[in-house]
Amino acid sequence: VDLIAEYYPRSMVAIMEYHLHIPGPDPLTNKDSEFRKEYYGGDFGTPTIFFNGKGKIVGGGSELVIKNAFNKYKKSIERKFDKKTNIDLSLTAEKKGKIVEFEAVINLLNDIKQKMQLHVALVEKSVNYEGGNGVTKHAFVVRHLITGEKGQEIEIKDSKYALSKNFNLTDIEKRQNDYLNDFATNPPSRYRNFSGWKE
């Protein structure tokens with residue numbers, strides 16, 4: 001994924017990483033990333049990659065495996081470039097203290113009325129934390145799903161839809177801290193020897 005991030009500009013490929021408690025407790029996990037695992041079917045480990053919510057590829061490993069994975073990912077991504085879309089999506093966001101205001105605007109490029117799901121996420125660009133696998137820098141960490149774990153179902157009429165919302169970063173930080181404190185106090189049975197977060 002780091003190679004994909006270096007290879008493609010953000011205007012072409014958006015990357016989101018959902019952390020999970022696999023193989024051991026991971027403090028970058030949150031309720032939304034757990035919900036999202038269930039949304040995708042739930043029966044897989046990490047790393048697992050989805051492209052536009054589909055085309056699941058499972059597994060990581062050695063440098064050789066990583067080179068092959070990069071080529072697989074690249075093919076899956078570039079297949080999407082050939083597909084024409086009938087929507088134009090723009091998103092603007094502004095941070096005012098701890099409040100973030102955003103607006104998503106969708107324009108249909110044809111006259112077909114359409115139902116769809118809109119997914120908006122708060123993603124942290126870079127987090128320094130040494131995980132159980134020795135990785136110390138984590139990119140594009142999903143912190144909160146603004147439109148919920150299933151997205152927001154919308155119906156576009158008259159070729160346009162706009163959604164304006166705001167959210168409070170303090171509330172999201174509290175939600176994450178409560179989640180991690182609860183995990184440390186009442187770890188799932190598979191982590192019964194968990195002695196607490198190291199930082």
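User: How many nonpolar, polar and charged residues are in the lining of the second largest pocket?
Analyst: The model is a predicted one. In it, the lining of this pocket includes Leu-122, Val-123, Glu-124, Arg-143 and Asn-177. Sorted by class, the lining of the second largest pocket has 6 nonpolar, 3 polar and 3 charged residues.

User: Which element gives the most to the lining of the second largest pocket?
Analyst: At least two lining residues come from each of β6 (121–128) and α4 (169–185). Leu-169, Ile-172, Glu-173, Gln-176, Asn-177 and Leu-180 are among the residues that line the pocket. The top contribution, 6 residues, is that of α4.

User: How much space lies in the second largest pocket?
Analyst: Pro-27 and Asn-30 are among the residues that line this pocket. The space inside the second largest pocket is about 300 Å³.

User: Which strand supplies the largest share of the largest nonpolar core?
Analyst: The largest nonpolar core has 16 residues, and Ile-106, Met-116 and Phe-167 are among those with the most contacts inside it. At least two residues of this core come from each of β4 (99–108), β5 (114–118), β8 (152–156), β9 (160–168) and α4. The largest share, 5 residues, is supplied by β4.

User: Which residues is Met-116 in contact with, leaving aside neighbours within four places in sequence?
Analyst: Met-116 is one of the residues with the most contacts inside the largest nonpolar core. With those neighbours left aside, its contacts are Ile-87, Ile-106, Leu-108, Gln-152, Glu-153, Ile-154 and Ile-156.

User: How many residues does the second, separate core have?
Analyst: Val-13, Ala-69, Phe-70 and Phe-140 are included in this second core. In soluble globular proteins, nonpolar side chains tend to be buried together. The residue count of the second core is 14.

Notes: Residues numbered from 1 in each chain as written. Predicted model: local features only at pLDDT ≥ 70, side-chain atom pairs only at ≥ 80, totals over all residues. Heavy atoms only, no water. 1 Å grid on protein atoms, 1.4 Å probe; cavity = no way out; pocket = protein on both sides within 12 Å on 5 of 7 lines; lining within 4 Å. Points joined across faces, edges and corners; volume = space filled by probe spheres on them. Helix = DSSP H or I, 4+ residues; strand = E, 2+ residues; numbered from the N terminus. Nonpolar A, V, L, I, M, F, W, Y, C, P; charged D, E, K, R; others polar. Core = buried A, V, L, I, M, F, W, Y, C linked by side-chain atoms within 4.5 Å. Buried < 20%, exposed > 50% of the residue type's maximum accessible area, 1.4 Å probe, protein only. Contact = heavy atoms within 4.5 Å.
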